[in-house]
Amino acid sequence: MEEIISFEFSNGSKLLDSSIYEYKVGKEGTIKIDFPDSNGFVAVHKNNTETAYIKAPYMKFCTGRHA
């Protein structure tokens, strides 16, 4: 099954805004990244049961296979 292994986003155009943020599964307490929901929000789940919901003009995903 495909799953998101990294996710980067920016609140502005990639060319105009150099502030690109990234989450990677296994780093900084990130345990899972959900695919966007019907409203375009991505859920980033943390080890401490915290979930961040992100929607941005620029979003890029890297997927991989889960065993």
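Buried means under 20% relative accessible area, exposed over 50%, and partly exposed in between, with a 1.4 Å probe and protein chains only. This is a predicted model, where local features need pLDDT of at least 70, side-chain atom pairs count only at pLDDT 80 or more, and totals for chains, interfaces and linings use all residues. Residues are numbered from 1 along each chain as its sequence is written, and side-chain values use heavy atoms, with hydrogens and water left out.

**Exercise 1.** Work out which exposure class lysine 60 belongs to, and which residues lysine 60 touches.

*Solution.*
- Step 1: lysine 60 has 46% relative accessibility, so it counts as partly exposed.
- Step 2: contact means heavy atoms within 4.5 Å. Leaving aside residues up to four places away in sequence, lysine 60 touches Ser6, Phe7 and Glu8.
- Step 3: take one of these partners, phenylalanine 7. Its C-alpha atom is separated by 5.8 Å from that of lysine 60, although the two are 53 residues apart along the chain.

**Exercise 2.** Classify the ring pair of phenylalanine 7 and phenylalanine 9, then the pair of phenylalanine 9 and tyrosine 21.

*Solution.*
- Step 1: rings of Phe, Tyr and Trp (its six-membered ring) pair if their centres lie within 6.5 Å; planes under 30 degrees apart count as stacked, over 60 as edge-to-face and the rest as tilted. The count comes to 4 aromatic pairs.
- Step 2: phenylalanine 7 and phenylalanine 9 have ring centres 5.4 Å apart and planes at 20 degrees, so they are stacked.
- Step 3: for phenylalanine 9 and tyrosine 21, centres 5.5 Å apart and planes at 35 degrees make the pair tilted.
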